[in-house]
Amino acid sequence: MSECNLLARTYHKLPPLRCDWKFDKSAYAILTDVDCSSDVKQQPSAPQGYSDFFKVLIVGNDKYQQPDNLHSYTSGERSWSGPSKFTFVATGITGCMPLRNARATVWHGTARWLVRYFPSHGSMPRPGPFHFSKSTSHNSSWHTIDVDAETCRVSLTKIEASSGRDIIHSYDEAQLTIAADGKLSLFHMRKGGYQLEVWIRQEDGGPSRWLRAPDVELNPPTRMSVLILGEKGGMLIVKNNHGDVYTVDLETGDMKKVMSFDTINHRQIVPFEMDWPTFFVSRLGNR
């Protein structure tokens, strides 16, 4: 594995990570000094205004592809730290589905992964693979696995509406993201339609309380099934069942085709938002 900073023009080859789980099923976060701490000093090799400090988090799975442990690496170190095991038994939940997205959503100094957990009733059931169905959907709830960017402390937070009820019951079409206004948001595409549900985490409430915002009605050019791939800067990235990829303006719902793939899924998409004026200024400053 390697880390590349496009603005600082730096490249770092990471130490080998020894693990006994399928790496292509793992999840990750790439954190900057802003994410981790305001006290991190800028590295001398970085261009003015940028730091080449970084931290990488890797969430490994158990043999049933459920999130199980955390590895971390900080720039300048010789090896990875960890693994540290996840211990959520005390919260009254047990097995879960695989993580919805491999890439973490980083907000307010915390890396977050969206996951659906199943509650434990009475004695703890034996570990094993879980198959998501309509019946298990209504007997489970959304959570986020939260990792503090600075300390790597791991916690679990249940997601609920302000009324205390579960938010959504569909698994495939949910997306945790940072909206254009900087708020932590949860998007959910209703199956069989073009209505995008938008939920916003409340800043003045508990960490698990969310408020529903107005729906966004998508305007596809033709009738199609829509699957969310990602979101960045007020643009939603979706695909249809033919591999065509579209951007969706979240203000208007208008869709624009950008490319086509034979096969593509949300694990292969990494939305990247470039601040072009800052990028060009950084290049001119090095001349």
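**A walk through the predicted model**

In this protein, residues 24 or more positions apart account for 52% of the contacts with a separation of 6 or more. The model is a predicted one, and the secondary structure assigned to it consists of 3 helices and 20 strands. Of the 287 residues in the protein, 47% are buried, while the accessible surface comes to about 15,700 Å², with 51% of that area belonging to carbon and sulfur atoms.

A convenient place to begin is with the aromatic side chains. A search of the whole structure finds 2 aromatic pairs. In one of them, Phe54 and Tyr73 meet in a tilted arrangement, with 6.1 Å from centre to centre and 45° between the planes. Because Phe54 belongs to strand β4 (residues 54-61) and Tyr73 to strand β5 (residues 67-74), this pair ties together parts that are 19 residues apart in sequence. Phe54 counts as buried because its relative accessibility is 3%, and Tyr73, with a relative accessible area of 7%, is likewise buried. Tyr73 also forms an aromatic pair with Trp80, again tilted, for which the centres are 5.6 Å apart and the planes make an angle of 45°. Trp80 is buried, as is Tyr73, and Phe54, Tyr73 and Trp80 together form one aromatic cluster.

Strand β5 comes up again when one turns to the charged side chains, of which the salt bridges give a useful view. The whole structure contains 5 salt bridges, and one of them joins the side chains of Lys85 and Asp68, with a distance of 2.8 Å from N to O. This pair links distant parts of the chain, since Lys85 is located in strand β6 (residues 81-85) and Asp68 in strand β5, 17 residues apart. The two partners differ in their surroundings: Lys85 counts as exposed because its relative accessibility is 55%, above the 50% cut-off, whereas Asp68 is buried, having a relative accessible area of 15%, which is under the 20% limit.

Which residue forms a salt bridge with Arg112? The partner is Asp146, and the closest N and O atoms of the two are 3.8 Å apart. Here too the pair links distant parts of the chain, with Arg112 in strand β9 (residues 110-119) and Asp146 in strand β10 (residues 141-148), 34 residues apart. Both Arg112 and Asp146 are buried.

A further salt bridge brings together the side chains of Asp215 and Arg212, at 3.0 Å from N to O. Asp215 is partly exposed, with a relative accessible area of 27%, and Arg212 also counts as partly exposed, because its relative accessibility is 34% and so falls between the 20% and 50% cut-offs. These two residues do not stand alone, for Glu197, Arg212 and Asp215 are linked in a network of salt bridges.

The last stop is on the surface, where Val258, Met259 and Phe261 make a nonpolar patch of about 240 Å². Val258 has its place in strand β20, which covers residues 255-260. With a relative accessible area of 41%, Val258 is partly exposed, and this value explains why Val258 can be counted in a patch, because patch residues need over 30% relative accessible area.

Technical notes. Residues are numbered from 1 along each chain as its sequence is written. This is a predicted model: local features need pLDDT of at least 70, side-chain atom pairs count only at pLDDT 80 or more; totals for chains, interfaces and linings use all residues. Side-chain values use heavy atoms; hydrogens and water are left out. Patches are made of residues with over 30% relative accessible area and no salt bridge: like charges are joined within 9 Å, nonpolar side chains (Val, Leu, Ile, Met, Phe, Trp, Tyr) within 5 Å. Accessible areas come from the Shrake-Rupley method with a 1.4 Å probe; for residues, only the protein chains shown count as cover. A salt bridge is a side-chain nitrogen of Lys or Arg within 4 Å of a carboxyl oxygen of Asp or Glu. Helices (H or I, at least four residues) and strands (E, at least two) are DSSP runs, numbered from the N terminus. Buried means under 20% relative accessible area, exposed over 50%, partly exposed in between (1.4 Å probe, protein chains only). Rings of Phe, Tyr and Trp (its six-membered ring) pair if their centres lie within 6.5 Å; planes under 30 degrees apart count as stacked, over 60 as edge-to-face and the rest as tilted. Contact means heavy atoms within 4.5 Å.
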